Amino acid sequence: MFDALGLDSKTEAVYRLFLEEPELRLDEIVTRVGRSEEEVRCALDRLADLCLLDQADIHAAGEQLFRAADPDVSLPYLLSRREAELAKQQRGLEEAKAAVTTLTARRTARLPRGYDVVKRLEGRNEMRVRLAELAELVRFEYLSLSPGGAQAPDAIADSKPLDQRALARGVRIRSIYQDSFRNAPETVRYVNWLGGLGGEARTLPSLAIPMVIFDREVALVPLDPRDGRAGALELRSVGAVTVARLLFEEYWARAHPVGPAPLHDSDGLSPQEKELLRLLSKGHTDESIARRLGVSLRTVRRMNADLTGRLAARSRFQAGAEAARRGWV
């Protein structure tokens, strides 16, 4: 019933259970909906993303409790937001369609036969081959978003000669990594090596998807952000590439230059800690936060324990309340 709002059947079942029961423990949810704990945790993460799940409390016995946000407020808000998204997508589709028509008319004579505005690249190998081809052809600008921590050693080995030749041609290379890349020595060495040749790099606490953009003409985005082996889409429409570049520039403006770890703010919080508090306030589980920050579950729990201690709190709920009182969230 709520597919149009972004709820699959499993997530809707959990949400309807919340509407019947004011507060539930994780084990109670698993039993009532007849799903695995992993499926229930995924449903909780999705409900938190959609602002349908209130921040979890800590029961007196130390067990985490979950409850639904007020449906009289959250559901109409979600519906209006979805309507606005669909209207925006429709406008964007119309603009992209017009841009594609114009571009095709102007460039038909110069494009090879069989050219596609959107091309599907199947699997990691085909994606890497195409990425190398585009890196050899780039003329003036190469932008990339690299979520997660460590970059694969073979990917670094493939990138180095391509980066070196591009910089020698005068190409400007700008890359945004997650803060967690500092935990991967080989990736740190690569980023420092690239910076020594003139490449620019910045970091953010979290990034949504990997993406590369060449010369404001071509963008590669993953087929499935959760599975890097699935392949990618090669986008060449003016509208799609423009949107991709605007997203990159928005991230770039908020990111911190690579160097020592980002400075702490006046409250003594690093950007990664502030992002963790923001995700906690939205009801995300530790597993979800670890994925978004590109760090291990153990690191998230260590950061949680450290923040709870700094706030002189005895539970996560008390820590959240104290963080809100201090204006940290």
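This is a short dialogue on reading a helix and a pocket in a predicted model.

Me: What are the ground rules for the numbering and the atoms used?
Reply: Residues are numbered from 1 along each chain as its sequence is written, and side-chain values use heavy atoms, without hydrogens and water. The model is predicted, with local features needing pLDDT of at least 70 and side-chain atom pairs pLDDT 80 or more, while totals for chains, interfaces and linings use all residues.

Me: How many helices and strands are there?
Reply: The protein has 12 helices and 11 strands, taken as DSSP runs numbered from the N terminus (helices H or I, at least four residues; strands E, at least two).

Me: Which residues of α5 are buried?
Reply: An α-helix has 3.6 residues a turn, so residues three or four places apart point the same way. In α5 the buried residues (under 20% relative accessible area, 1.4 Å probe, protein chains only) are Arg 130, Leu 134 and Ala 135. Seen down the axis of α5, they fall within an arc of 140°, so they line one face of the helix; the arc is that of the directions from the helix axis to the C-beta atoms.

Me: What do the buried residues of α5 pack against?
Reply: Contact means heavy atoms within 4.5 Å. The partners of these residues include β4 (118–122) and α6 (153–168).

Me: Which helix gives the largest share of the lining of the second largest pocket?
Reply: Rolling a probe the size of a water molecule over the atoms shows where empty space is left. Here α8 supplies 7 residues, the largest share.

Notes
Buried means under 20% relative accessible area, exposed over 50%, partly exposed in between (1.4 Å probe, protein chains only).
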